[in-house]
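I set aside this notebook page for looking through one protein model, a few places at a time. I write down what I looked up and what I found.

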Amino acid sequence: MPQEVEIRGRLDRERLDKLFFLFEKTAELKDHYRRLSVDLSPGFDPATRSWPQPSGTDIRLKKSDDEEKITLKTGNPSNLERTEIEIKLQPGQFLSALDFLESLGYNSGMIYFWESWEYIYREFEVKLSKYNLDYAVFEIESSNGGDVNMLAHDLNIFPYNPGEYKAAIDWENQNIHCLYSRQLIEKILKTSF
């Protein structure tokens with residue numbers, strides 16, 4: 001199973017604009033999409049909108065424009081390396097896959113929706129994602145052993161440490177993202193795709 005090395009961090013609007021400007025001139029745009037992601041990972045507490053005892057298994061159903069897939073990540077979320085397994089779906093299978101996961105007992109979690117730009121820059125994949133006008137994040141991934149932290153340093157962006165990453169997820173879940181409901185998923189699918 002493939003191993004990925006990945007870091008994430010928050011971007012203010014000025015830094016996001018500077019990265020867009022830099023990448024427009026020096027990077028290859030790999031993809032641009034709107035993403036709907038349903039996180040049905042075990043251990044979710046709807047009252048706190050969090051995973052107080054993470055299981056080490058992340059289960060997400062994702063739709064990026066016409067591409068749909070189920071993603072399973074295993075390992076400690078604060079580790080740089082995690083195992084990731086993806087199952088690609090045929091377009092239009094999103095709700096059927098949701099039915100499948102719900103029938104297995106995965107029926108509680110969060111809904112995320114954002115817009116992303118994925119770039120290839122110096123042999124790394126750099127993703128810039130906007131959740132709203134004032135909140136954006138980055139991800140830097142390497143599958144060939146490149147130093148993701150060195151690239152972040154070169155770009156003058158700062159990855160979360162494990163505590164900051166959990167705090168950021170908790171803040172986003174309280175202030176940006178929505179609790180999972182089938183009705184809200186159906187509404188987003190009708191109005192945004």
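The entries below go from the cores to a pocket, and then to single residues.

**Entry 1: the kind of model**

I noted before anything else that this is a predicted model, and I keep that in mind for every entry that follows.

**Entry 2: the nonpolar cores**

I began with a general point, which is that in soluble globular proteins nonpolar side chains tend to be buried together. Which residues of the largest nonpolar core touch the most other members? I found that this core has 22 residues, and that Leu-11, Phe-23, Val-126, Leu-128, Ile-140 and Ile-157 are the ones with the most such neighbours. I then looked up where the core comes from, and at least two of its residues are supplied by each of strand E1 (3-11), helix H1 (13-26), E6, E7, strand E8 (135-142) and helix H3 (148-155). There is also a second, separate core, made of 16 residues, and I wrote down Leu-40, Ile-111, Tyr-180 and Ile-188 as being among them.

I picked Ile-140 for a further look. When neighbours within four places in sequence are left aside, Ile-140 is in contact with Val-5, Glu-6 and Ile-7, with Phe-124, Glu-125 and Val-126, and also with Val-148, Leu-151, Ala-152 and Ile-157.

**Entry 3: Val-148 and Ser-142**

Since Val-148 appears among the contacts of Ile-140, I turned to Val-148 next. I found Val-148 in helix H3. Its relative accessible area is 2%, and because buried means under 20%, Val-148 counts as buried. Apart from residues up to four places away in sequence, Val-148 touches Val-5, Ile-7, Phe-124, Ile-140, Glu-141 and Ser-142. I also checked one distance, and the C-alpha atoms of Val-148 and Thr-57, which are 91 residues apart along the chain, are separated by 23 Å.

Ser-142, one of the residues that Val-148 touches, lies in strand E8 and is buried, with a relative accessible area of 2%. What does the side chain of Ser-142 reach at 3.3 Å? I found the backbone nitrogen of Gly-145 at that distance. A polar atom of the same side chain, that of Ser-142, also lies 2.8 Å from the backbone nitrogen of Gly-146.

**Entry 4: the second largest pocket**

I moved from the cores to empty space, remembering that rolling a probe the size of a water molecule over the atoms shows where such space is left. The second largest pocket holds about 180 Å³ of space. Its lining is formed by Ile-111, Tyr-112, Phe-113, Trp-114, Glu-115, Lys-130, Tyr-131, Asn-132, Ile-176, His-177, Cys-178 and Ile-188. The elements that give two or more residues to this lining are strand E6 (110-121) and strand E7 (124-132), and E6 gives the most, with five residues. I sorted the lining by residue type and wrote down eight nonpolar, two polar and two charged residues. Ile-111 and Ile-188 line this pocket, and they are also included in the second core.

**Entry 5: Asn-173**

I looked up Asn-173, which is found in helix H4 (residues 162-175). Is Asn-173 buried or exposed? With a relative accessible area of 1%, Asn-173 is buried. Leaving out residues up to four places away in sequence, Asn-173 touches Arg-49, Trp-51, Met-110 and Tyr-112, and Tyr-112 is one of the residues that line the second largest pocket.

**Entry 6: two positive phi angles**

I recalled that most residues other than glycine have a negative phi. In the loop between E6 and E7 I found Arg-122, with a positive phi near 50°. Glu-123 lies in the loop between E6 and E7 as well, and its phi is positive too, at about 70°. For accessibility, Arg-122 counts as partly exposed at 46%, whereas Glu-123 counts as exposed at 65%.

**Entry 7: Gly-43 and Leu-95**

Gly-43 lies in the loop between strand E2 (28-39) and strand E3 (57-64), and counts as partly exposed at 44% relative accessibility. Beyond residues up to four places away in sequence, Gly-43 touches Ser-50, Trp-51 and Pro-52.

My last residue was Leu-95, in helix H2 (residues 94-103), which is partly exposed with a relative accessible area of 27%. Neighbours within four places aside, Leu-95 is in contact with Arg-182, Ile-185, Glu-186 and Leu-189. The C-alpha atoms of Leu-95 and Arg-182 are separated by 8.8 Å, although these residues are 87 apart along the chain.

Key: Residues are numbered from 1 along each chain as its sequence is written. This is a predicted model: local features need pLDDT of at least 70, side-chain atom pairs count only at pLDDT 80 or more; totals for chains, interfaces and linings use all residues. Side-chain values use heavy atoms; hydrogens and water are left out. On a 1 Å grid over the protein atoms alone, a cavity is a set of points where a 1.4 Å probe fits but cannot get out, and a pocket is an open set with protein on both sides within 12 Å along at least five of seven lines; lining residues have an atom within 4 Å of a point. Grid points are joined across faces, edges and corners, and a volume is the space filled by probe spheres set on the points. Helices (H or I, at least four residues) and strands (E, at least two) are DSSP runs, numbered from the N terminus. Ala, Val, Leu, Ile, Met, Phe, Trp, Tyr, Cys and Pro count as nonpolar, Asp, Glu, Lys and Arg as charged, and the others, Gly among them, as polar. A nonpolar core is a set of buried Ala, Val, Leu, Ile, Met, Phe, Trp, Tyr and Cys residues joined through side-chain atoms within 4.5 Å. Buried means under 20% relative accessible area, exposed over 50%, partly exposed in between (1.4 Å probe, protein chains only). Contact means heavy atoms within 4.5 Å. A polar contact is a pair of N or O atoms within 3.5 Å; within protein, one must be able to donate a hydrogen and the other to accept it, and residues adjacent in sequence count only if both atoms are side-chain atoms.
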